[in-house]
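Q: Please take a close look at the packing in this model. What holds together as a core, and what does not?

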Amino acid sequence: MEKNFERFAKLAKIYFEKEEIADFEKDFLKILEFVRKLEELNLKDVKPLSHPLDLENVEREDKAKEFGDEKLKEKLKESFCEKKGDFLKVKKIL
Amino acid sequence: MIENLTIENFLEKLKNKEFSAKEFFEKLFEKIEKEDKETGAFLSLNRKGALKEAQKIDNLISKKEKLPPLAGVPCAIKDNVLVEGLKCTAGSKILENYVAPFDATVIKKLKEAGAIVVGKTNLDEFAMGSSTEYSAFKITKNPHDHEKVPGGSSGGSSAAVAKNFSLFSLGSDTGGSIRQPAAFCKVVGLKPTYGAVSRFGLIAFASSLDQIGPLTKNVRDCELVFEIIKGKDILDSTSVEIEKKFEEKKEIKVGIPKEYLVEGIEPKVKEAFDKAVKKFQEKGIKFEEISLPHTEYALPCYYIVACAEASSNLARYDGLRYGNFCEGVDVFDTYSKTRRLFGKEVKRRIILGTFVLSAGYYEAFYLKAQKVRRKIKEDFKKAFEKVDLIFTPVSPTLPFKIGEKITDPLKMYLSDLFTVSVNLAGLPAISIPIENLPVGLQIIGDSFSEAKIFRVAKLYDRD
């Protein structure tokens, strides 16, 4: 399981210290056992329900537009962890 | 001064000039600064901003201008709802220094109605918890018994109302996070129908379950606040306008699901529930036993759905656009070290969510849970063909001791046994305090039937 837990930690992009893993894994297995209760049910012809309301997708034209609110724009930029001028600075991906 | 006030009383006294808004707020902050050291309801206060707004209300009064419906009413806001210019931490280290750049729609509406934000209240980190102990910053104590938890995750909001630090609060409810703390602190709390209140500006936990709602001293105040915050919002495409009108009926029939009053319920809770039912019977409400057969599957179903959505929603905390950030050697290292700042419970839920959505497990867990969700919704649909409302207790237990359940996540999850089905089905439900105990009566209605819930709940209002 240890390998598996590490796989999910990696997928979730959360760093765990080696010595933390056993503890998390123990709780994880307990919770997993608990949610396995659903296996008792026969759900063969049941349609999955992802949302409580019958909503239709709201769509808009895929068109770039000017972000009008200059004050808000400045505030959003203030939250950037790293920036260069008007740009959000991120680490190299490739 | 604020002790026995409801919103209605406050407005009357303010208009009659028994006090000025500014005077009121000065005294209120004095009280909070003295008493909240012990309770720990607030994460931050808005003293300067509130006094400025109070002065504006006083100016309106002296000019004899028309007052907005919540003129000068002090409110406390759960710290996962954005209030422009104030910190919004969601109880997490990852957002420790985050300042909200705009108002949530509910805040915009409250401000337009004249309400004044006193401060931001404590919560379990990202609203994940049932005791407010999972906050990264502080413990909130139950105002009626300092050794006990106030409930959660909106524990700061419920404690603030119970301690008279505000006349109402806003909380958010994903699986019981308004109703259970309302019950534990002996106040009223409403989880509206999914879509009734805009979620724009609420820090997302599980988007198909989250709803913002009021916590108040009585049902009338609850209705008053709900009427102001509800409605369709162009910024939340899942919000809808309530069109359903409440038809006055001669006889209201209430169902009591037999699955809720079985094992695991504390005798004191059961006793209080039975006594409350009797009081409603005396007021002419008819009761009958009903069945919600998938009740025992609601909690496992909820944890799969909520964690799956949380793992996706919380992917945004990558240390780039906002929040705290830990420098790593490359982009992956930066993400994973930044996300290490999440607390233990949040990490547990993200990992579970990642697991149930991952290739190879998606069908066995997530898809299955979505099917169970339909069964749960259908159970309620069938029930509401027979009855107008459903009564259950809010929580199977009385408030528990601080520290009692914190090391056992499953034990903590069981606190939500009676509340999660309502979120899965998207229904409205209120918690009202009964028998002067920290026990809540849950009144569940069909979608968009808040008016009917209020009408019946008011039969039990304290004053």
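A: The radius of gyration is taken over C-alpha atoms, and the globule rule sets it against 2.2 Å times the number of residues to the power 0.38. The model examined here is predicted.

Take chain A as the point of reference. A compact globule of 94 residues would have a radius of gyration near 12 Å. Chain A has 22 Å. Along the principal axes, its C-alpha atoms fill a box of roughly 55 × 45 × 25 Å. Chain A has 3 helices and 2 strands. In sequence order the pattern is α-α-α-β-β. Of its 94 residues, 27% count as buried. The accessible surface of chain A is about 7600 Å², and carbon and sulfur atoms make up 50% of that. Chain A carries 23 positive and 24 negative charges, with mean positions 4 Å apart.

Now to chain B. It contains 15 helices and 11 strands. Its radius of gyration is 21 Å, close to the 23 Å that the globule rule gives for 463 residues, so chain B is as compact as a globular protein of that length. Its C-alpha trace spans about 70 × 65 × 45 Å along the principal axes. Burial is counted at 63% of the 463 residues. Contacts reach far along the sequence. Among those in chain B with a separation of 6 or more, 75% join residues 24 or more positions apart. The accessible surface of chain B amounts to about 16600 Å², with 51% of it on carbon and sulfur atoms. The charges are 72 positive and 64 negative side chains, and the centres of the two sets lie 1 Å apart.

Next, the core itself. In soluble globular proteins, nonpolar side chains tend to be buried together. The largest nonpolar core has 160 residues, of which B:Leu110, B:Phe126 and B:Ile430 touch the most other members. The most from one element comes from helix α9 of chain B (residues 295–313), which gives this core 12 residues. Another core lies apart from it. That one has 7 residues, including B:Val149, B:Val394, B:Phe400 and B:Met412.

B:Leu110 merits its own view. Neighbours within four places in sequence are left aside here. B:Leu110 then contacts B:Leu70, B:Cys75, B:Ile77, B:Ala115 and B:Phe168, among others. The same list holds B:Leu170, B:Val225, B:Ile228 and B:Ile229.

Two loop residues make a contrast. B:Asp79 sits in the loop between β2 and α4 (105–112) of chain B. Is B:Asp79 buried or exposed? The cut-off for buried is under 20% relative accessible area. B:Asp79 has 1% relative accessibility, so this residue counts as buried. Beyond four places in sequence, B:Asp79 touches B:Leu43, B:Lys87, B:Cys88, B:Thr89 and B:Ala90. B:Lys120, B:Thr121 and B:Leu123 also touch B:Asp79.

B:Lys64 lies in the loop between α3 (47–62) and β2 (74–78) of chain B. Exposed means over 50% relative accessible area. B:Lys64 has a relative accessible area of 72%, so B:Lys64 is exposed. B:Gly328 is 264 residues away from B:Lys64 along the chain. The C-alpha atoms of these two are separated by 60 Å.

Terms used
Residues are numbered from 1 along each chain as its sequence is written. Chains are lettered from A and ligands numbered from 1 in the order in which they are written. This is a predicted model: local features need pLDDT of at least 70, side-chain atom pairs count only at pLDDT 80 or more; totals for chains, interfaces and linings use all residues. Side-chain values use heavy atoms; hydrogens and water are left out. Helices (H or I, at least four residues) and strands (E, at least two) are DSSP runs, numbered from the N terminus. Buried means under 20% relative accessible area, exposed over 50%, partly exposed in between (1.4 Å probe, protein chains only). Contact means heavy atoms within 4.5 Å. Accessible areas come from the Shrake-Rupley method with a 1.4 Å probe; for residues, only the protein chains shown count as cover. Lys and Arg count as positive and Asp and Glu as negative; His and the chain ends are not counted. The place of a charge is taken as NZ of Lys, CZ of Arg, CG of Asp or CD of Glu. A nonpolar core is a set of buried Ala, Val, Leu, Ile, Met, Phe, Trp, Tyr and Cys residues joined through side-chain atoms within 4.5 Å.
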